[in-house]
Amino acid sequence: MKLATWNLQRLTRTTSARMSRVRPYMDAINADVWVLTETGEDVAPGPGYQGVATTEFDRACHYPGEVWTKIWSRWPIERLAPVSDLARCVVARVIPPHRAPLIVYGTVLPWPSSTWRGLASKGGVAFGAALEAQASDWASLQAAHPSDDLFVMGDLNQDLCVTKPSCCGSKLNQGRLREALARVSLVAFTGGVNDPVRRNSADMACIDHICGPARLSASVRSTTRWPDAPKPVVGLSDHFGVAVELD
């Protein structure tokens, strides 16, 4: 099973020249489940995928046709109950043919200079408040679907480096994120020693993450980042895409 996430830097038109540059990467990754962020509602990773998107329009950051987050799956997918932040978050139940269903929580957390619901960015106030609201969603989803594995995926705007200073965010918010994930027995498969951006683009680190049950850590076959370059490629996206393959 391959899971992938990519912030598309406000790519909204499937007919744009930038989409023609994005498409080969999506085709090559060939993930079963995608979480696309800063994306167009109709920007699909390929034919045969079904999708669910955030439902609240964020007038401050977006224009018609653009959404913060959309989940795409090549397997049957159904939208689940409302989440705490309808503009940035969306949750779906994905039903693969070969394993138990999984719950996918797609999200964008506030970036270092971003406010959230009127809360200031300074001191990580906005990040912390948004994270707590989303973490409450995670716990509720686990309680409602105890037999399904929960995956949190998207642009978390915080690296999880263990050996070097933060590339994005802060040590305070890094600790908050680790603790919130641990509360619901999740880990970031794209953090620490498995961070494919830190591994292959040494001066940078993942801020887009794929998080899942800690008990599945041993099942991670590979972590991947693209494009294969020292930093994101201008004209493609200002973020790396990342993927995790699980046995």
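## Helix α1 and its surroundings

In this predicted model, helix α1 spans residues 17-29, and its buried residues are R18, M19, V22, M26 and I29. The cover over these buried positions includes four strands: β1 (2-11), β2 (33-40), β11 (220-226) and β12 (241-246).

The chain leaves α1 through N30, which lies in the loop between α1 and β2. The phi angle of N30 is positive, at about 55°. Because its relative accessibility is 43%, N30 counts as partly exposed.

## Strand β1 and its partners

Strand β1 is mostly covered, with seven of its ten residues buried. Its pairing with β12 is antiparallel and comprises four bridges; within this pairing L3 stands opposite V244. With β2 the sense is parallel, and six bridges join the two strands. In that pairing, T5 of β1 has V35 of β2 as its bridge partner.

Strand β2 also contains E38. This residue is not a glycine, yet its phi is positive, at about 45°. E38 has a relative accessible area of 16% and therefore counts as buried, the cut-off being under 20%.

## The six-stranded open sheet

Six strands form an open sheet in the order β5-β6-β7-β8-β10-β9, with mixed pairing. Strands β5 (77-79) and β9 (186-188) occupy the edges; each has a single partner strand, so one side of each lacks a neighbour in the sheet. On average, neighbouring strands of this sheet are turned by 25° against each other, direction ignored.

Helix α2 (residues 125-144) packs on this sheet and touches β6 (90-94), β7, β8 and β9. The direction of α2 makes about 170° with that of β7.

## Strand β7 within the sheet

How many residues of β7 are buried? The count is seven of seven, and the strand is thus described as mostly covered. L102, V104, G106 and V108 point one way from β7, while I103, Y105 and T107 point the other way; the residues of both groups are buried.

The two pairings of β7 described here differ in sense: five bridges join β7 to β6 in an antiparallel arrangement, whereas seven bridges join β7 (residues 102-108) to β8 (residues 149-155) in the parallel sense. In the pairing with β6, A92 stands opposite V104. On the β8 side, L102 stands opposite D149, and I103 has L150 as its bridge partner.

## Helix α2 and its contact with α3

Helix α2 has 20 residues, and at 1.5 Å a residue its expected span is 28 Å; the end C-alpha atoms are 29 Å apart, which agrees with that expectation. Its buried residues are A126, F127, G128, A130, L131, Q134, A135, D137, W138 and L141. These residues pack against β6, β7, β8 and α3 (171-183).

The axes of α2 and α3 come within 10 Å and cross at roughly 5°. The two helices are therefore roughly parallel to each other, since angles under 35 degrees fall in that class. On the α2 side the contact is made by V125, F127, G128, L131, E132, A135 and W138, and on the α3 side by N173, R176, L177, A180, L181 and R183. By class, the residues of this contact divide into eight nonpolar, two polar and three charged.

## Loop positions and backbone exceptions

G48 is located in the loop between β2 and β3 (50-53). Is G48 buried or exposed? Its relative accessibility is 61%, so G48 counts as exposed. Leaving aside residues up to four places away in sequence, G48 touches S73 and R74. The C-alpha atoms of G48 and W72 are separated by 9.7 Å, although the two residues are 24 residues apart along the chain.

Most residues other than glycine have a negative phi, and most peptide bonds are trans. N30 departs from the phi pattern with a value near 55°, and E38 does so with about 45°. A cis peptide bond joins W226 and P227, with omega about -5°. P227 lies in the loop between β11 and β12.

Technical notes. Residues numbered from 1 in each chain as written. Predicted model: local features only at pLDDT ≥ 70, side-chain atom pairs only at ≥ 80, totals over all residues. Heavy atoms only, no water. Buried < 20%, exposed > 50% of the residue type's maximum accessible area, 1.4 Å probe, protein only. Contact = heavy atoms within 4.5 Å. Pairing = 2+ DSSP bridges. Axes fitted to C-alpha atoms, helices over the stretch in contact; angles between N-to-C directions. Expected span 1.5 Å × (residues − 1). Parallel < 35°, antiparallel > 145°, perpendicular 65-115°, else oblique. Nonpolar A, V, L, I, M, F, W, Y, C, P; charged D, E, K, R; others polar.
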